[in-house]
Amino acid sequence: MTQRIFAKIFAALVLMLTVVGAVAQGLSGDVPTIDIKNGTASATPIAVIPFAFEGAGLPPDTDVAAVIGNDLNRCGQFRTLPKSDIVEYPTRGSQIKFPTWNLLKQAYILVGRQIENPGGDIRVEFELYDVAKQQQLLALAITGQRTGLRDVAHQIADLVYEKITGVRGAFWTRIAYITSTGTGNNIQYALMVADSDGYNPQTVVRSREPLLSPAWSPDGAKLAYVSFERGNSSIYMQEIATGAREVVSARKGINGAPAFSPDGRKLALTLSFAGHPNIYSMELADHQITQLTRGYAIDTEPRWMPDGQTIVFTSDRSGKPQLYQISASGGAATRITFQGDYNANASIAWDGKHIAMVQGNGNVYRIAVLDKTTGDSKPISVGNLDDHPSYAPNGSMLLYTATEGPRDVLYAVSANGRVRQRLVLADGDVREPAWSPYRQRGQ
Amino acid sequence: MKLPIRVILTAVVAGAALAACATRPTKPPAAEAAPQAAPQAQDNGGKYTVDSLDSDSCLRQRVVYFDFDKSEIKPEFQAQIACHAAYLRQFPGARATLEGNADERGTREYNLGLGERRGNAVDSAIAAAGASASQLNVVSYGEERPVCKEHNEGCWQKNRRVEIVYTAKQ
């Protein structure tokens, strides 16, 4: 009994500390507001217990367990135990009382601790258990700098996700997006890169003229994008780490919709210098272009299938925009969407079988996922002017833009459409999200 | 030399024009004038002067509006097309950029294509009415430069437009 009361007081204390921490973070100004729209009862329940700090100095600012918990909740496949329901605080496997977590109907429990190394780095040790089997599934440690603990937390979330689902996690990734702030003469556009949960935003490039369509190179080191800074649309390619950039195409007419091939050697793009927007493929080594589509229609938004052999694109050759596919070396195109008035802006999942797109019916534009095997498509968003889906590299989630009142905001949605989370990343408009490939250490 | 019945049609255009919101402030850099072009009135009986761009009620109309997902020029804009063609014909050194725009519905890259298609429609119409193709340049901004930002047809119809922007007057 006394123990229980003590646990409750301790829980309240932890909660208070967490609230104070959250307020302190909120003041820094670059922390995204996160808003989960709807949960899901069928998600796997997991208890992520706050990680204890074992060291002489101040505990780190980052609440590692909270970052992991947010990641797992956001993907729609997990439901973490709310903090208010956590009654015990084990920090190692030997301290876990399994009947407690069984009673709380938890399938898994993650415990851990942060140990301060002599040099000041933090060694984060964690253990994942199957509650019903009382079996240890993971017991690992990742070391990071105090300032890099969000990265460590995302990597732990990836390992937990992979252990339980069998699919590689994609939380330790980044997102690129466009912001626009100000009005009239003072509009300022920026291409930004942030962590997959919206934290740690960094400016890649700023412009007084519109920016759009950021696309990641497969190694995650570069972004291609469209800028109007020369008066007309032009395609730039920029190294994120150094800021070094080059103009890839600044022809007459449209220079748009860049997309790197999976091997990183080519860029698919839309060019209209010959009269009408058509899809071209450019060798990045020498910038030589090959025309892939022909005709008077608007052909745009090329995206590579994962095997690099086929390109999916948007065309209004049959009247309204629909998705088509064509060999990456050209030839005849085949239509692949037949449901909905308007289908455009494909994002292809890693399996090549699921294609997210903007589906328009009347004045309502939503994100839908096409199952390429059956030809059926299902909406996964609920807005009226949703745009620009982008799959996570493991296909578990997507980002997209929604227009809400006067603003464009980003949403993260689970691939099954069950969990949506609004990421409020900045003042003004945030749009055109592009999810990075998997990260490699050192990036 | 055929001239349209400008007075009546101009009234129609003025009524149809929806330039309620402010236009875009920044302009692309001025196009280089072709070296051989003489900045003089040539044909058209010297009807216009350079000042006509600011004073003539037809030439002051610089925006052509379109229906949703369409790029056909509506009859009420024919007079506007004709007077700009006449001006360009009279001043072969004059240059205009045709800035094509779309409303926010649909995807941004597709709307770049749609804005260009509208710009090309105005380009063809002005050229067909006698201007030289070298005097015209089409740029599409897609949905990136709305003049109105509400999410309704009243606003969308103001954004589906081609703006005729003179980069050289003579």
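Let me start with helix α2 of chain A, residues 64-74. It is mostly covered: 10 of its 11 residues are buried. Those buried residues are A:V64, A:A65, A:V67, A:I68, A:G69, A:N70, A:D71, A:L72, A:N73 and A:R74. After α2(A) comes A:G76, with a positive phi near 85°.

A word on what we are looking at. This is a predicted model. It scores ipTM 0.88 and pTM 0.85. Chain A has an average pLDDT of 90, and 90% of the residues score at least 70. One stretch falls well outside that: over residues 5-31 of chain A, pLDDT is below 50. Beyond near neighbours in sequence, that stretch has 13 contacts in the model.

Now the layout of chain A. There are two domains: domain 1 covers 2-165 and domain 2 covers 174-435. Their C-alpha centres lie 35 Å apart.

Next, the core. The largest nonpolar core holds 123 residues. Which members touch the most other members? They are A:I68, A:I109, A:L110, A:V160 and A:L398. A:I68 we have met already, as a buried residue of α2(A). Helix α4 of chain A, residues 149-165, gives the most to this core, with nine residues. Where does the core sit relative to the domains? Domain 1 and domain 2 of chain A both give residues to it, so it lies between them.

Take A:V160 as a close-up. Leaving out residues up to four places away in sequence, A:V160 touches A:I68, A:L72, A:L110, A:L128 and A:L138. Two of those contacts, A:I68 and A:L72, are buried residues of α2(A). There is also a second, separate core, of 33 residues. Its members include B:C58, B:V63, B:A86 and B:I164. As background, nonpolar side chains in soluble globular proteins tend to be buried together.

That takes us to chain B. Its secondary structure comes to five helices and four strands. From the N terminus, the elements run α-α-β-α-β-α-β-α-β. Buried residues make up 46% of the 170 residues in chain B. Take the contacts in chain B with a separation of 6 or more: residues 24 or more positions apart account for 81% of them.

Confidence in chain B needs a comment. The average pLDDT is 81, and 74% of the residues score at least 70. Among the elements of chain B, strand β1, residues 63-65, has the highest mean pLDDT, at 98. Helix α1, residues 6-16, has the lowest, at 37. Over residues 1-42 of chain B, pLDDT stays under 50. For that stretch the model has 61 contacts beyond four places in sequence.

Two helices of chain B deserve a look. First, α3, residues 78-90. It has 13 residues and reaches 18 Å from its first C-alpha to its last, close to the 18 Å expected at 1.5 Å a residue. Is α3(B) enclosed or open? 12 of its 13 residues are buried, so α3(B) is largely enclosed by the rest of the structure. Among the buried ones are B:C83, B:H84 and B:A86. B:A86 also belongs to the second core.

Then α4(B). It has 21 residues and reaches 30 Å, first C-alpha to last, close to the 30 Å expected at 1.5 Å a residue. This helix is mostly covered too, with 18 of its 21 residues buried. Just after α4(B), B:G130 takes a positive phi of about 120°.

On to the interface. How many residues of each chain are in contact with the other? 20 residues of chain B are in contact with 32 residues of chain A. On the chain B side, the elements giving two or more residues are α4, 108-128, and β3, 136-142. α4(B) gives the most, with eight residues. By class, that side has seven nonpolar, five polar and eight charged residues.

Last stop: A:P277. It lies in the loop between β16, 266-271, and β17, 278-283, of chain A. Buried or exposed? A:P277 has 31 C-beta neighbours inside 10 Å, so it counts as buried. Leaving out residues up to four places away, its contacts in chain A are A:I254, A:T270, A:S272, A:I298, A:D299 and A:T300. In chain B, A:P277 touches B:G113 and B:E116. A:I254 is 23 residues away along the chain from A:P277, yet their C-alpha atoms are separated by 7.0 Å.

Methods. Residues are numbered from 1 along each chain as its sequence is written. Chains are lettered from A and ligands numbered from 1 in the order in which they are written. This is a predicted model: local features need pLDDT of at least 70, side-chain atom pairs count only at pLDDT 80 or more; totals for chains, interfaces and linings use all residues. A nonpolar core is a set of buried Ala, Val, Leu, Ile, Met, Phe, Trp, Tyr and Cys residues joined through C-beta atoms within 7 Å. A residue is buried if 20 or more other C-beta atoms lie within 10 Å of its own, exposed if 12 or fewer, and partly exposed in between; C-beta atoms are placed from the backbone. Domain bounds come from an automatic or database domain assignment. Two residues are in contact if their C-beta atoms, placed from the backbone, lie within 7 Å. Ala, Val, Leu, Ile, Met, Phe, Trp, Tyr, Cys and Pro count as nonpolar, Asp, Glu, Lys and Arg as charged, and the others, Gly among them, as polar. pLDDT is the predictor's confidence in each residue, from 0 to 100. The expected span of a helix is 1.5 Å times one less than its number of residues.
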